[in-house]
Amino acid sequence: MILTVTLNTALDLTYRVPSLVPHSSHRVSEVGERPGGKGLNVARVLAALGHEAVATGFAGGPNGETLRDRLSGLPVRDALVPVAGNTRRTIAVVDAATGDTTQFNEPGPTVTPEEWAAFLTTYDSLLRKAEAVALCGSLPPGIHVGAYAELVRRARAAGVPALLDTSGEPLRRGIAARPDLVKPNAHELAQLTGSREPLRATHAARRRGARAVVSSLGPDGVLAATPEGIWQAAPPGKVLGNPTGAGDSAVAGLLSGLVEALPWPDRLVRAVALATATVLAPTAGDFDRASYEDLLPRITVTEHAPAA
């Protein structure tokens, strides 16, 4: 079983409009609603890849009820912990003319100390059966900034590999707890290390405590610095589409490759193929299976020399 943690789950709403024009009214041509938050997205892709996926985190209020109802229709086990507050919504407005997406993210409900303690009890119990855990996304109000560091330490104590995908101070503190893998994008990596040169920044992030660092480079694929070597994996060319959820699909690829004990280059190929197939999917956050299968043999992997 692979466990995913989404402390700030969301009910994702997608509005499609013919053209997004500031300061004007819009007629919405299509509305989508689905359970969201980075860890739930990862769990959905893991299940599609054939892995048993369990999702935990928080859900509450009318939005939380709707989220859990939508989650019940997916092959993902619901282990979410109830909270008194109302689960946030995220609203994505897709401009059909350009393909661009404008995102609005609510902050999430305030989590009480009692609710956090209940989550930790659930988390520790789930770790006993987990092959790996993904810790994903932002922190809701009320959760201390070192929460991910605490969850990494608990996973390490249980002997469960932990992947961390967050940003800002939670990433800075979480990486010091020595997760097995962190997956920042280029902007998050620059914030963490102060360097915008991808290879230098990736090495700097590893020195902060992570066993391995896989940096998302957008259309240029991913760059990985690992104990076994340094590789960059890239798609065969730039693609047009909606990048929403592409990073989460990459996390699912990396995590599934970890539990299957694939060599690092194969993990990276899977991650990039899934991310690219997500950009190409007609529904934001899904991955296009046909595109994924077509891309797998066409992802290029380049090995870099170790840093001096």
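Helix H9 is the biggest contributor to the lining of the largest pocket, putting in 5 residues. The model here is a predicted one, and this pocket is a handy place to start. Its volume comes out at about 1300 Å³, and 47 residues line it. Lying nearest the centre of the pocket are Lys-38, Pro-243, Gly-245, Ala-246 and Gly-247. Besides H9 (264-280), the elements that give two or more residues to this lining are helices H1 (38-48) and H8 (246-259) along with strands S2 (10-17), S6 (88-95) and S7 (101-105). As for chemistry, the lining of the largest pocket splits into 22 polar, 15 nonpolar and 10 charged residues.

Two of the helices that feed into that lining, H1 and H8, also pack against each other. Their axes come within 8 Å and cross at roughly 55°, so H1 and H8 count as oblique to each other. The crossing of this pair is right-handed. On the H1 side, the residues involved are Lys-38, Asn-41, Val-42, Val-45 and Leu-46, and they meet Asp-248, Ser-249, Val-251, Ala-252, Leu-255 and Ser-256 of H8. Sorted by class, the contact of H1 with H8 has 6 nonpolar, 3 polar and 2 charged residues. Lys-38 turns up twice in this picture: as one of the residues nearest the centre of the largest pocket, and as part of the H1 contact with H8.

A second helix pair is formed by H5 (residues 168-176) and H6 (residues 186-193), whose axes come within 10 Å and cross at roughly 65°. H5 and H6 are therefore roughly perpendicular to each other, with 65 to 115 degrees being the range that counts as such. This crossing, too, is right-handed. H5 brings Gly-168, Leu-171, Arg-172 and Ile-175 to the contact, while H6 supplies Glu-188, Gln-191 and Leu-192. The class breakdown for H5 with H6 is 3 nonpolar, 2 polar and 2 charged.

Then there is the enclosed space. The structure holds 1 cavity of 30 Å³ or more, and the volume of the largest cavity is about 50 Å³. Its lining is made up of Leu-7, Asn-8, Thr-9, Phe-58, Ala-59, Val-83, Thr-87, Pro-109, Val-111 and Pro-140. By class that gives 7 nonpolar and 3 polar residues, with no charged ones. The lining of the largest pocket, by contrast, does include charged residues, 10 of them.

Key:
Residues are numbered from 1 along each chain as its sequence is written. This is a predicted model: local features need pLDDT of at least 70, side-chain atom pairs count only at pLDDT 80 or more; totals for chains, interfaces and linings use all residues. Side-chain values use heavy atoms; hydrogens and water are left out. On a 1 Å grid over the protein atoms alone, a cavity is a set of points where a 1.4 Å probe fits but cannot get out, and a pocket is an open set with protein on both sides within 12 Å along at least five of seven lines; lining residues have an atom within 4 Å of a point. Grid points are joined across faces, edges and corners, and a volume is the space filled by probe spheres set on the points. Helices (H or I, at least four residues) and strands (E, at least two) are DSSP runs, numbered from the N terminus. Ala, Val, Leu, Ile, Met, Phe, Trp, Tyr, Cys and Pro count as nonpolar, Asp, Glu, Lys and Arg as charged, and the others, Gly among them, as polar. Axes are lines fitted to C-alpha atoms, for helices over the stretch in contact, and angles run from 0 to 180 degrees between N-to-C directions. Angles under 35 degrees count as roughly parallel, over 145 as roughly antiparallel, 65 to 115 as roughly perpendicular and the rest as oblique. A crossing is left-handed if the near helix is turned anticlockwise from the far one by less than a right angle, and right-handed if clockwise. Contact means heavy atoms within 4.5 Å.
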